[in-house]
Amino acid sequence: MDVQDKKSGKRDDGMKGIPVAFVVVAVAILIAVSIVYFSFLDEQLFRERSNHIVEFADKASEIVDGVIAYSWQQVLVCENVIRTEEIASEEEMLTVLTSTSDFINEQNSIVLAIDRSGKYYSSDENIGCFQQTELLAAQAGEKQMFVSEIPLNTESSYFIFLKRLERPIFFGTDSGEITHLVLAVDIEEMREKIAVNGFGDQCYTYLVNKDGRRLYKHTYANHFIEGQNILHAFEGYKIVHGGSYEEFKYALEQGYNTALEFAYTEEDRKGQKWFVASAAVAAQN
């Protein structure tokens, strides 16, 4: 090969090197663009799904709002019924309470009148002692709402609406004095109403206080976020989309609607990703 051929060869080798370098750079750029693009798609998918589940949560919260508002109204009606009667004995108190079944769902709700000593009289004609005396203390709230069993029926859980009366109701000749009224609504009455349909057995509903403490749960599987405090449970999960744990906690405390996606590991170590959405319940009192 002469000198000219060698020069041509060098020139050809140089020309061949340019496309290779260009292709490598192009692939690197393509990979970078793909990562950004798929991250964008992932974020968009999260937003679409989260909007969908927040809408479901919103509807459930509206139903709970309605149940709560209606239940407090029933407490007020029962109070007015009792006040309009002249009650001379415990037997008459039970009779009057039984008559409140005309204003409540008697199959799933029970009315209790509690006196200053903690003794209760119920609309299903029972008399006993109200065990949660701390809820009757003067420093306790005027209206309290929680989920609990009731003394006369420990086989079911009830949504309790407890009101301290502004003026006691006096009855009988032995200075009987009713200080609190309770409406106990069987939690099963609410189960189907607030269940979020559309996700089969892969949807779990929780009703919690602002501090994350669980009032009620509706789950299909055992050991799925079983803790008494939802906020404490989520603190240990990896948030995939939707912000940080602190942002989720703040939104819950402030009553904002929010959604996030988190990584959850089952007992068999199988990893899954779940969406969670929260919607505020307005009618708390």
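## Questions about a predicted chain

Visitor: In this predicted model, over which residues does pLDDT stay under 50?
Guide: The stretch to look for is one for which the model has 0 contacts beyond four places in sequence. Across the chain the pLDDT averages 77, and 72% of the residues score at least 70. The stretch where pLDDT stays under 50 is residues 14-18.

Visitor: What share of the residues in the chain is buried?
Guide: The chain holds 285 residues, and its secondary structure comes to 5 helices and 11 strands. Counting as buried those with under 20% relative accessible area, the share of buried residues is 37%.

Visitor: Which strands stand at the edges of the open sheet S9-S10-S11, and why is one side of each left without a neighbour?
Guide: Three strands form this open sheet in the order S9-S10-S11, with antiparallel pairing. Each edge strand has a single partner strand, so one side of it has no neighbour in the sheet. The strands at the edges are S9 (238-241) and S11 (271-278).

Visitor: Which residue in S11 is the bridge partner of Tyr264?
Guide: Strand S10, residues 258-265, pairs with S11 in the antiparallel sense over 8 bridges. In S11, the bridge partner of Tyr264 is Gln272.

Visitor: Which helix packs on this sheet?
Guide: The helix in question touches S9, S10 and S11, and its direction makes about 130° with that of S10. It spans residues 245-254, and its name is H5.

Conventions: Residues are numbered from 1 along each chain as its sequence is written. This is a predicted model: local features need pLDDT of at least 70, side-chain atom pairs count only at pLDDT 80 or more; totals for chains, interfaces and linings use all residues. Side-chain values use heavy atoms; hydrogens and water are left out. Two strands pair if DSSP finds at least two bridges between them. Helices (H or I, at least four residues) and strands (E, at least two) are DSSP runs, numbered from the N terminus. Contact means heavy atoms within 4.5 Å. Axes are lines fitted to C-alpha atoms, for helices over the stretch in contact, and angles run from 0 to 180 degrees between N-to-C directions. pLDDT is the predictor's confidence in each residue, from 0 to 100. Buried means under 20% relative accessible area, exposed over 50%, partly exposed in between (1.4 Å probe, protein chains only).
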